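Got the viewer open and a selection box ready? Load the model below and follow along, one selection at a time.

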Amino acid sequence: MAKQHQEGSLLEAKREKLAPPPLYKVLLLNDDFTPMEFVVVVLQKFFSMDREQAMRIMFKVHTEGRGICGVYPRDVAATKVEQVSAFARDNQHPLACVMEEN
């Protein structure tokens, strides 16, 4: 898009391309004390998963030691980690939720 300026000269509007913000994976980490059903509830409540999807992720956490709950911009990921951690604490479970750059 060009604009007419004094004495016939043109000013070109430069558009800078901004890189999209980095995304972060939110992960649940396995422990030997948190019940599997509680993990399913967390996945449904905070990550809007249906029961089948939540069960799949819960088994991945149980068998592989960690599972990805979702990928989000930094602020959203940090909020999810805090919500899950607080919910686990309030329910006296040591469930760990972390985020790492994607």
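## First stop: Phe59

Select Phe59, which comes out as partly exposed because its relative accessible area is 42% (buried is under 20%, exposed over 50%, partly exposed in between, with a 1.4 Å probe and protein chains only). Phe59 sits in helix α2 (helices are DSSP runs of H or I of at least four residues, strands are runs of E of at least two, both numbered from the N terminus). Before going on, note that this is a predicted model, where local features need pLDDT of at least 70 and side-chain atom pairs count only at pLDDT 80 or more, while totals for chains, interfaces and linings use all residues. Residues are numbered from 1 along each chain as its sequence is written, and side-chain values use heavy atoms, with hydrogens and water left out.

Now add Val39 and draw a distance between the C-alpha atoms: Phe59 and Val39 are 20 residues apart along the chain, and the gap is 9.6 Å.

## Helix α1 against α2

Widen the selection to α1 and to α2, residues 51-64; their axes come within 9 Å and cross at roughly 125°. (Axes are lines fitted to C-alpha atoms, for helices over the stretch in contact, and angles run from 0 to 180 degrees between N-to-C directions.) That angle makes α1 oblique to α2; under 35 degrees would count as roughly parallel, over 145 as roughly antiparallel, 65 to 115 as roughly perpendicular, and the rest is oblique.

Which residues of α1 and α2 make the contact? On α1, show Met36, Glu37, Val39, Val40, Leu43 and Gln44; on α2, show Arg51, Ala54, Met55, Ile57, Met58, Phe59 and His62. Contact here means heavy atoms within 4.5 Å. Color this set by class and you get nine nonpolar, two polar and two charged residues (Ala, Val, Leu, Ile, Met, Phe, Trp, Tyr, Cys and Pro are nonpolar, Asp, Glu, Lys and Arg charged, and the others, Gly among them, polar).

Between α1 and α2, click on Ser48 in the loop. Ser48 isn't a glycine, yet its phi is positive, about 50°. With 66% relative accessibility, Ser48 counts as exposed.

## Helix α1 against α3

Keep α1 (residues 36-47) and bring in α3 (residues 74-90): these two pack at about 140°, axes 11 Å apart. So α1 and α3 are oblique to each other as well. For the contact, pick Phe38, Val41, Val42, Lys45, Phe46 and Phe47 on α1, then Lys80, Gln83, Val84, Phe87 and Ala88 on α3. This contact splits into eight nonpolar, one polar and two charged residues.

Move on to Gln92, in the loop between α3 and β5 (96-101). Here's another non-glycine with a positive phi, about 60°, and Gln92 is exposed at 73% relative accessibility.

## The cysteines

How many disulfides does the structure hold? Zero, where a disulfide is a pair of cysteine sulfur atoms within 2.5 Å. Select Cys69 and Cys97: the sulfur of Cys97 is 5.6 Å from its closest cysteine sulfur, in Cys69, and that is too far for a bond. Cys69 is buried at 8% relative accessibility, and Cys97 is buried at 7%.

## Last stop: Ala13

Finish at Ala13, in the loop between β2 (10-12) and β3 (23-29). Ala13 counts as partly exposed at 47% relative accessibility. Then stretch a distance to Ala54: the two C-alpha atoms, 41 residues apart along the chain, are 49 Å from each other.
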